[in-house]
Amino acid sequence: MSVRELVVLGTASQVPTRHRNHNGYLLRWDGEGILFDPGEGTQRQMLRAGVAAHDLNRICVTHFHGDHSLGLAGVIQRVNLDKVPHPVTAHYPKSGQRFFDRLRYATAYRETVGITEAPVDADGDLAATRSYTLQARKLSHPVESYGYRLTEPDGRRMLPERLAAHGITGPDVGRIQREGVLGDVTLDEVSEVRRGQRFAFVMDTRLCDGVHALAEGCDLLVIESTFLDEDAGLAAEHGHLTAGQAAAVARDAGVRHLVLTHFSQRYPEPENPESFERQARAAGYEGELTVAYDLLRVPVPKRR
């Protein structure tokens, strides 16, 4: 049985707190694991969440600020220590190659696993598998930053009542699925498009075209909401979003489940999730809403 879920490893922004670790998010998708923005302490958070190095197939870094990348050194060394038996691919802004190199080789260790470096320097597709296409879009932050979007290919949903009306049963159902036609009956007559699931990961950014493109039609959107709306000036100055802005993006994009994260330490501890939720709802977002906390697990919504 396939598992599609988000494992939240950390939810703090620039400074970790007593209740929130630096960033870190693992997306489990049909036997693959994609680790996003491993900040400092990610290796320990993985242990607490029951995530192993063997679970990792890709690492996606949005940008090279420390709270999104300092954990790379430990994670990469753990992948090698555990001798992960499959390839691991790392995506990150090409402009930060020097930072990736320094983190990858921050200390001495024995390399046992080939990390494939696949830097990003433009909007577009990064990888395609049977289960998903991974894309990147540029964001608006003081350093170059990219968000990531994962899209499952559309499939077909067979319609039992139409199959029965055409007398198609047993092995003939599989045959029309494979060949697209059975006698004078086409696949379109007995099925409908099953829309693929969509996931997006949007970190440090102001509002920009990339944010909206990444969020469009997502089943699950993970997006930063560093500030509350009353601090919108600070958000714009430092290249971030507020809770209301993030929720408005989700509202306009038709997002089914919105996950707010990356919270500033300026707000009282334990950070008050009600304030972020209240402002998100005030922005008109009516879908499922989660104000993230460390070690949370969020399932990708079932297909419509």
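A residue counts as exposed when its relative accessible area is over 50%, and as buried when that area is under 20%. Keep those two cut-offs at hand for the tour, and bear in mind that the model you have open is predicted.

**Stop 1: the whole chain**

Start with everything shown as a cartoon. You should be able to count eleven helices and 18 strands. The radius of gyration is 21 Å, close to the 19 Å that the globule rule gives for 304 residues, so the protein is as compact as a globular protein of that length. Turn the C-alpha trace along its principal axes and you will find that it spans about 65 × 50 × 35 Å.

Now colour by accessibility: 52% of the 304 residues count as buried. If you prefer a contact map, look at the pairs with a separation of 6 or more; residues 24 or more positions apart account for 67% of those contacts.

**Stop 2: Lys-83**

Next, select residues 72-91. Helix 3 (72-81) and strand 5 (88-91) are joined by a loop, and Lys-83 is found in that loop. Check its backbone: phi is near 50 degrees, a positive value in a residue other than glycine. Is Lys-83 buried or exposed? Its relative accessible area is 52%, which is over the 50% cut-off, so Lys-83 is exposed.

**Stop 3: His-262**

Move along to strand 16 (257-261) and the loop that leads from there to helix 11; His-262 lies in this loop. Here again phi is positive in a residue other than glycine, with a value near 65 degrees. Where Lys-83 is exposed, His-262 is buried, with a relative accessible area of 1%.

**Stop 4: helix 10 against helix 11**

From His-262, carry on into helix 11 (residues 273-282) and bring up helix 10 (residues 243-253) as well. The two pack with their axes 8 Å apart, at an angle of about 45 degrees. Helix 10 and helix 11 are therefore oblique to each other. Their crossing is right-handed.

To see what fills the contact, show side chains on both helices. Which residues of helix 10 meet helix 11? They are Ala-243, Gly-244 and Ala-247, and across from them in helix 11 are Phe-276, Gln-279 and Ala-280. Colour this set by class and you get four nonpolar residues, two polar ones and no charged ones.

Terms used. Residues numbered from 1 in each chain as written. Predicted model: local features only at pLDDT ≥ 70, side-chain atom pairs only at ≥ 80, totals over all residues. Heavy atoms only, no water. Axes fitted to C-alpha atoms, helices over the stretch in contact; angles between N-to-C directions. Helix = DSSP H or I, 4+ residues; strand = E, 2+ residues; numbered from the N terminus. Parallel < 35°, antiparallel > 145°, perpendicular 65-115°, else oblique. Left-handed = near helix turned anticlockwise from the far one by under 90°. Contact = heavy atoms within 4.5 Å. Nonpolar A, V, L, I, M, F, W, Y, C, P; charged D, E, K, R; others polar. Buried < 20%, exposed > 50% of the residue type's maximum accessible area, 1.4 Å probe, protein only. Rg over C-alpha atoms; globule rule 2.2 N^0.38 Å.
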